[in-house]
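Here's a small set of exercises on helix packing, cores and a few single residues. Grab a viewer and try each one before you read the worked solution.

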Amino acid sequence: ELFRIAMNITEIRSAGLRGATPPGGWTAELRPADCVHTLIAVHTDEGLIGLGSVFTSDSLVRGALQLLEPLYRGETALEPERVSEKLHQHTFWQGRGGSITHTISGIDIALWDLLGQATGQPVGRLLGGRYRSRVRPYASLLMQEPAALAEHLLAVKAQGFTAFKIGWGPFGRTNAALDEAIVRSAREAIGRDSLLMVDAGASDAFWPGDYKWAVRTADMLAGYDVHWFEEPLVPDAMTDYTQLRSRSPVPIAGGEVLTRRQSFQPWLEGGAFDIVQPDVTKVGGLSESRRIAWMAQEHGIRFIPHGWNTAVGLAADLQLASAFHQTDLVEYLTGSLFIDAIAVGGWCLDGDGMLPIPDSPGLGIRLDPDEVAKYTGGDRLF
């Protein structure tokens with residue numbers, strides 16, 4: 001009976017999150033009142049509502065929704081890939097790969113959520129099947145001076161995490177001695193049994209590091225058993241990435257700034273990454289992430305989604321992790337109320353430091369409307 005539902009989109013609402021925006025480590029640092037994440041709610045004539053998330057400010061999302069509205073209003077809510085492709089195909093001339101693509105990402109996530117609700121299935125099963133029912137989250141936090149970083153890591157480790165990524169901050173901006181002191185401090189704090197990843201954050205404005213810096217730093221990181229070296233080069237230096245990957249003793253990760261599967265293709269075919277990290281909230285949603293993951297798999301590259309966003313983005317990443325056998329880690333931005341506070345029931349690690357993947361219909365997440373409203377200026381998604 002569920003499969004015969006004719007469910008159409010009636011409206012799409014958006015609400016920007018602000019008031020508790022965590023620091024990003026950027027040169028032009030984020031303030032709590034800044035908006036860089038916007039939630040999406042796709043409403044249907046059957047009363048079901050799908051949730052999505054967009055890594056873009058609310059003003060840009062509102063503009064994109066206004067442009068897209070004639071294309072999605074009245075469309076079926078049960079065909080996420082076709083509807084998302086329709087939105088892509090009709091907007092080549094107005095922001096291909098930019099904020100319109102980011103907004104389509106949120107719509108696509110919400111449509112998969114609706115398809116799961118309508119069929120009574122978790123999204124991971126609809127993506128092809130569940131390889132796992134839980135996944136290891138890695139705590140993602142900003143670098144600081146060594147002593148402060150060690151204290152922060154010990155506090156996060158006490159929460160049950162067994163994998164950690166440190167990124168941005170002073171790394172790569174002062175000297176090699178400080179870089180190594182930061183990494184040494186982190187490794188000593190978390191111990192040898194925990195995974196440690198290092199994110200240079202070279203997509204920051206006017207990144208000073210070059211290829212030779214990245215080579216030297218990769219050699220240093222190998223001595224601390226670093227699991228991967230993320231964004232070590234400026235985002236468009238594909239040739240340097242390819243050379244670094246062949247030279248580095250540490251796996252090279254990147255791709256969070258790329259959007260659309262077509263943008264990833266030359267990087268994957270050229271061998272630029274050991275680990276590719278599309279962000280589901282800006283790459284084009286679950287539909288594009290799945291196709292990128294397949295492409296990566298065919299080129300022997302691991303797919304580990306970038307996840308510096310919201311509880312809805314984390315829920316989407318968990319479903320992706322269930323559907324790809326090599327995706328054995330998900331990013332967990334620690335200390336963000338936009339992840340920890342707005343989801344009903346929150347998130348709980350099990351005794352092994354693993355995060356259960358919801359098996360309820362859709363994304364398996366419900367938002368608390370009152371908690372969400374605290375960060376949206378009263379704007380209501382529901």
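**Exercise 1.** How close do the axes of helix H9 (residues 261-269) and helix H10 (residues 285-298) come, and at what angle do they cross?

*Solution.* Ground rules before we start: this is a predicted model, where local features need pLDDT of at least 70, side-chain atom pairs count only at pLDDT 80 or more, and totals for chains, interfaces and linings use all residues. Residues are numbered from 1 along each chain as its sequence is written, and side-chain values use heavy atoms, with hydrogens and water left out.

Step 1: get the elements. Helices (H or I, at least four residues) and strands (E, at least two) are DSSP runs, numbered from the N terminus.

Step 2: fit the axes. These are lines fitted to C-alpha atoms, for helices over the stretch in contact, with angles from 0 to 180 degrees between N-to-C directions. For H9 and H10, the axes come within 10 Å and cross at roughly 15°.

Step 3: classify. H9 is therefore roughly parallel to H10, since angles under 35 degrees count as roughly parallel, over 145 as roughly antiparallel, 65 to 115 as roughly perpendicular and the rest as oblique.

Step 4: list the contact (heavy atoms within 4.5 Å). Arg261, Gln262, Phe264, Gln265 and Leu268 of H9 meet Glu288, Arg291, Ile292, Met295 and Ala296 of H10. Sorted by class, that's five nonpolar, two polar and three charged residues. Here Ala, Val, Leu, Ile, Met, Phe, Trp, Tyr, Cys and Pro count as nonpolar, Asp, Glu, Lys and Arg as charged, and the others, Gly among them, as polar.

**Exercise 2.** Work out how helix H7 (residues 211-222) packs on helix H8 (residues 238-247).

*Solution.* Step 1: the two axes come within 10 Å, crossing at roughly 25°. That makes H7 roughly parallel to H8.

Step 2: on the H7 side you'll find Tyr211, Ala214, Val215 and Asp219, which meet Asp240, Gln243, Leu244 and Arg247 in H8. The tally is four nonpolar, one polar and three charged residues.

**Exercise 3.** Is helix H2 (residues 80-89) roughly parallel or roughly antiparallel to H3?

*Solution.* Step 1: their axes come within 9 Å and cross at roughly 165°. So H2 is roughly antiparallel to H3.

Step 2: H2 brings Pro80, Glu81, Val83, Ser84, Leu87 and His88 to the contact, while H3 brings Thr101, Ile104, Ile107, Asp108, Leu111, Trp112 and Leu115. By class, the contact of H2 with H3 has eight nonpolar, three polar and two charged residues.

**Exercise 4.** Which residues touch the most other members of the largest nonpolar core?

*Solution.* Step 1: define the set. A nonpolar core is a set of buried Ala, Val, Leu, Ile, Met, Phe, Trp, Tyr and Cys residues joined through side-chain atoms within 4.5 Å. Buried means under 20% relative accessible area, exposed over 50%, and partly exposed in between (1.4 Å probe, protein chains only).

Step 2: rank the members. This core has 117 residues, and Phe229, Leu286 and Trp347 touch the most other members. Its largest share, 10 residues, comes from helix H3 (residues 99-119). Apart from it lies another core, of nine residues, including Tyr138, Ala163, Met197 and Leu329.

Step 3: zoom in on Phe229. Not counting residues up to four places away in sequence, Phe229 touches, among others, Phe171, Val198, Trp213, Leu221 and Ile252.

Step 4: hop to Trp213, in helix H7. Tryptophan 213 is buried, at a relative accessible area of 11%. With neighbours within four places left aside, its contacts include Phe171, Asp179, Trp207, Phe229 and Pro232.

**Exercise 5.** Compare the backbone and burial of tryptophan 168 and aspartate 225.

*Solution.* Step 1: tryptophan 168 has a positive phi of about 60° although it isn't a glycine, and aspartate 225 has a positive phi of about 55°, again without being a glycine.

Step 2: place them. Tryptophan 168 sits in the loop between strand S5 (163-167) and helix H6 (176-190); aspartate 225 is in the loop between H7 and strand S7 (229-230).

Step 3: check accessibility. Tryptophan 168 counts as buried at 9%, whereas aspartate 225, at 48%, counts as partly exposed.
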